[in-house]
Amino acid sequence: MAWEQLEPTPPHLSYLLISSFLIVYCLFATFVRNRLHLSEPPLALLVGILLGPRVLGWLNPNSCPQQGCTGDESDRWGWGDTQVQEISRVILGVQVFTVGIGLPRYYASKHWKSVGILLTIVMTFGWFVCSLFAALMFKVDIATALTIAACLTPTDPVLSSSILSNSQFSTRVPKRIKDMLAAESGCNDGISFPFLYVGLYALIHADSKAAIKEYFLITILWQCTFGIVAGLVIGTIFNRLLRFSDGRGYVDSAGMIVFYLLLAVFS
């Protein structure tokens, strides 16, 4: 009876479990990094698997109608893939934005050749290698292997942040390598779009001409090219607005932090 009065709804239980894990990790962060030589992503993955529906079942954001699960739907979040996807998009957008503002001034204009090589030649080679492994390991067709490889090839900025953080071994990495890795991880999520849609269009289109036409018109011209132009325009406009406000003392340090977060969500 006492437990029923606490009303342990799935969202509240999720807040409790996730915050408890983060609090425990913060208390032992240095020990985990420098003594156990572990980073945040593998630990978070293991905790997510442990608390998820496949093991303990304490965290289950998927709704029953979409997943075909049994039991009381009130015991779950009632979320589908759309909500999880949007939250992941916001988190990734904020992380990419954080990587961008953390780079040295004029880094892109000074080191565009090295970053460009990583985003073109190296990334394309990694895409083909991952496709080969996916085809051999999972016994799938070429289109499916290309799609899987496009998801695995980019260096995630959340994962690379553990390398860039202050740990016992990260201090030995030269700053130029850290900056290059940060720049590459922030750019390759967008660069991987053309790789991803090569496999997707091969899967969903039987007509190769229609697939190629839609690939160049929608993926290359609209999503990639227009996205780059829109990002440059938005970044330039808000950069000048921020300089205008900061130069006249219209914004404080707390406002700048909120400005960065809101601009990441806006863009």
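User: What share of the contacts between residues at least 6 apart in sequence joins residues at least 24 apart?

Analyst: In this predicted model, the share is 58%. A contact here requires heavy atoms within 4.5 Å.

User: What makes up the secondary structure of the protein, helices or strands?

Analyst: The protein has 13 helices and 0 strands. Read along the sequence, the pattern is therefore α-α-α-α-α-α-α-α-α-α-α-α-α, with helices taken as DSSP runs.

User: How is the record's "transmembrane region" label reflected in the secondary structure of residues 12-31 and 216-238?

Analyst: The label comes from an unreviewed UniProt entry, which lists residues 12-31, 115-136, 142-165, 186-204, 216-238 and 250-266. Such annotations may be inferred rather than shown by experiment. In the model, residues 12-31 are 95% helix and 0% strand, with end C-alpha atoms 29 Å apart. Residues 216-238 are 100% helix and 0% strand, and their end C-alpha atoms are 30 Å apart.

User: Why is the pair of F238 and F259 called tilted?

Analyst: The search of the whole structure finds 10 aromatic pairs. In the pair of F238 and F259, the ring centres are 6.2 Å apart and the planes meet at 55°. Pairing needs centres within 6.5 Å; planes under 30 degrees apart would be stacked and over 60 edge-to-face, so an angle between these limits is tilted.

User: What parts of the chain does the pair of F238 and F259 tie together?

Analyst: F238 belongs to helix α12 (residues 208-247) and F259 to helix α13 (residues 253-266), so the pair ties together parts that are 21 residues apart in sequence.

User: Why are F238 and F259 called partly exposed?

Analyst: F238 has a relative accessible area of 23%, and F259 has 22% relative accessibility. Buried requires under 20% and exposed over 50%, so both residues fall in between.

User: Which residues do ring pairs link into a cluster?

Analyst: The cluster consists of F193, Y197, Y201, Y215 and F216.

User: What makes M123, W127, L146, A149, A150 and F195 a nonpolar core?

Analyst: Membership requires buried residues of nonpolar kinds, joined through side-chain atoms within 4.5 Å. These 6 residues form the largest such core. Helices α8 (112-138) and α9 (142-152) each supply at least two of its residues, and α9 gives the largest share, 3 residues. Beyond its neighbours within four places in sequence, A150 contacts W127, S192, F195 and L196. Across the protein, buried residues make up 22% of the 267 residues.

User: How do C130 and C151 differ in exposure class, and how many disulfides are found?

Analyst: C130, at 25% relative accessibility, is partly exposed. C151 has a relative accessible area of 55% and is exposed, because the exposed class begins over 50%. The search of the whole structure finds 0 disulfides, so no pair of cysteine sulfur atoms lies within 2.5 Å.

User: What is notable about phi of Y106 and K139, and where are these residues found?

Analyst: Y106 has a positive phi of about 60° although it is not a glycine; its place is the loop between α6 (81-102) and α7 (107-110). K139, also a residue other than glycine, has a positive phi near 55° and is found in the loop between α8 and α9.

User: Why are Y106 and K139 called exposed?

Analyst: The relative accessibility is 51% for Y106 and 69% for K139. Exposed means over 50%, so both residues qualify.

How values were computed:
Residues numbered from 1 in each chain as written. Predicted model: local features only at pLDDT ≥ 70, side-chain atom pairs only at ≥ 80, totals over all residues. Heavy atoms only, no water. Helix = DSSP H or I, 4+ residues; strand = E, 2+ residues; numbered from the N terminus. Phe/Tyr/Trp six-rings, centres within 6.5 Å; stacked < 30°, edge-to-face > 60°. Buried < 20%, exposed > 50% of the residue type's maximum accessible area, 1.4 Å probe, protein only.
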